[in-house]
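Here's a quick briefing on side-chain contacts and strand packing, for reading with the structure open beside you. We'll go through charged pairs, then rings, then one strand and its neighbours.

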Amino acid sequence: MILRVENLSKEFAIEFDILGRPVKFLKAVQDVSFTVEEKSVFSIVGESGSGKSTIARILCGIYKPTTGSIHFMGSPLKRSGQIQMVFQDPESSLDPRKTILFSIEEGLRIHRVANREERKKLVYETLRAVGLTEDVLWKYPHQLSGGQKQRVAIARCLVLKPKLLILDEPTSALDVSVQAQILNLLMDLKQSYSLTYILITHDLKIAYHISDQTMVMYLGQIMEMGKTQRILEEPLHPYTKALVAAIPTLETDKLKDFSLKGEIPSPLNPPEGCPFRTRCDFAFSKCGEKPPLIDFRGRKVRCHLYTEV
Ligand SMILES: Nc1ncnc2c1ncn2[C@@H]1O[C@H](COP(=O)(O)OP(=O)(O)OP(=O)(O)O)[C@@H](O)[C@H]1O
Ligand SMILES: [Mg+2]
């Protein structure tokens, strides 16, 4: 096991009184626990606002958790180069005024890695690993294609020799034709650099094809979690069923009655009890109470349909 997250919660203060004291909070992540095995792919799926990126940012040290603990390679998580993040939009992770060489080398300087010669060697090595040639080094981000920029963003992380890469929608800003290339590259790099991935995606097809474990989130909470194949081939939670039913290529005939209705409730004012009950066809009186996350048919699920069977 490379990562153990226990009872992680994150609240954002979003309203303050005139003395600057927080008076209103948004619960972005609530009591989330999971473990990630070394060299595996762990995907986090769920609609917008479910807390996926917040978890990613906590793991990278960008946000401090409100409560909970994180152990990385056996010790409490500290900020290091060993967890790196690839963002959805390669544009935002590259400084438009800096050359590609500068951007890739930057982390090495910040983390005081190596002397100049060694840094240069690492940069060239990494550049080749992500399928780019040296001529891009003196270019600026605007001179590269979307796919090339994402390769640079990946190189920026890789050069620091991380153990864990967090991929937050790594291909969703790219053309469809380029998406597969970047995914293939990521899978090759995982092998050659012995990496572990946390993959955040809206695209359950991608999660299905490349991940070992899947965690389904809704309004900051885990709805269902376990082996990807299990979760996506035989989803139990009505929310997971609706997400799976929307994937055109999976075997979803038996789920044809499921779909996502209505809007996601405001995270500022989430439903009491099960957060999904306002959109769930199976909601019954008990759903006004918060369901526990229970072990059921080889996975974890948070739904009253399974709490008393
Ligand atoms: N810095 C912040 N301050 C206040 N609220 C925030 C902050 N960051 C995120 N949130 C809120 O926390 C909730 C979870 O956001 P998060 O970005 O983690 O969702 P997500 O699952 O990544 O969504 P998406 O799929 O749209 O990227 C949202 O309601 C969001 O508005
Ligand atoms: Mg996000």
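**Salt bridges and their surroundings**

Glu 91 and Lys 149 are joined by a salt bridge, with 3.1 Å between the closest N and O atoms. That contact links distant parts of the chain, since Glu 91 sits in helix α2 (residues 90-93) and Lys 149 in helix α5 (residues 146-158), 58 residues apart. Keep in mind that this is a predicted model.

*More on the charged pairs*

- The structure has 16 salt bridges, and the Glu 91 to Lys 149 pair is one of them.
- The two partners differ in cover: Glu 91 is partly exposed at 43% relative accessibility, whereas Lys 149 is buried at 8%.
- Lys 98 and Asp 95 also meet through their side chains, in a salt bridge of 3.8 Å from N to O.
- Lys 98 is partly exposed, at 29% relative accessible area, and Asp 95 is partly exposed too, at 23%.
- Glu 224 and Arg 299 form a salt bridge with an N to O distance of 2.6 Å.
- Because Glu 224 belongs to strand β10 (residues 221-227) and Arg 299 to strand β12 (residues 299-301), this pair ties together parts that are 75 residues apart in sequence.
- Are these two partners buried or exposed? Glu 224 is buried, with a relative accessible area of 0%, and Arg 299 is buried as well, at 4%.
- The pair doesn't stand alone: salt bridges link Glu 224, Glu 234, Arg 297 and Arg 299 in a network.
- As a general point, side chains of opposite charge can pair when their charged atoms come close.

*Aromatic rings*

- How many aromatic pairs does a search of the whole structure find? The search turns up six.
- One of the pairs is Phe 12 with Tyr 63, arranged edge-to-face, with 5.2 Å centre to centre and 75 degrees between the planes.
- Phe 12 comes from strand β1 (residues 3-16), while Tyr 63 comes from the loop between α1 (52-59) and β4 (67-72), so the contact ties together parts 51 residues apart in sequence.
- Phe 12 counts as partly exposed at 25% relative accessibility, and Tyr 63 is partly exposed at 26%.
- Phe 34 and Phe 42 are stacked, because their ring centres are 4.8 Å apart and their planes meet at 20 degrees, under the 30 degrees that counts as stacked.
- Both Phe 34 and Phe 42 are buried.
- Elsewhere, ring pairs join Tyr 218, Tyr 239 and Phe 276 into a cluster.
- There's a charge over a ring, too: Arg 109 lies over the face of Phe 102, at 4.3 Å from the ring centre.

*Strand β7 and its neighbours*

- Strand β7 (residues 164-168) is mostly covered, with five of its five residues buried.
- In a regular strand, side chains alternate between the two faces of the sheet.
- In β7, Leu 164, Ile 166 and Asp 168 point one way and Leu 165 and Leu 167 the other way, and all are buried.
- Strand β6 (residues 83-86) runs parallel to β7 and is joined to it by four bridges; here Gln 84 has Leu 165 of β7 as its bridge partner.
- β7 also pairs with strand β8 (residues 196-200), in the parallel sense and over five bridges; Leu 167 has Leu 199 of β8 as its bridge partner.
- Together with helix α6 (residues 176-192), β7 and β8 make a right-handed β-α-β unit.

Technical notes
Residues numbered from 1 in each chain as written. Chains lettered and ligands numbered in written order. Predicted model: local features only at pLDDT ≥ 70, side-chain atom pairs only at ≥ 80, totals over all residues. Heavy atoms only, no water. Phe/Tyr/Trp six-rings, centres within 6.5 Å; stacked < 30°, edge-to-face > 60°. Helix = DSSP H or I, 4+ residues; strand = E, 2+ residues; numbered from the N terminus. Buried < 20%, exposed > 50% of the residue type's maximum accessible area, 1.4 Å probe, protein only. Lys NZ or Arg CZ within 6 Å of the ring centre and 35° of its normal. Salt bridge = Lys/Arg side-chain N within 4 Å of Asp/Glu carboxyl O. Pairing = 2+ DSSP bridges. Right-handed = clockwise from strand over helix to strand, strands pointing away.
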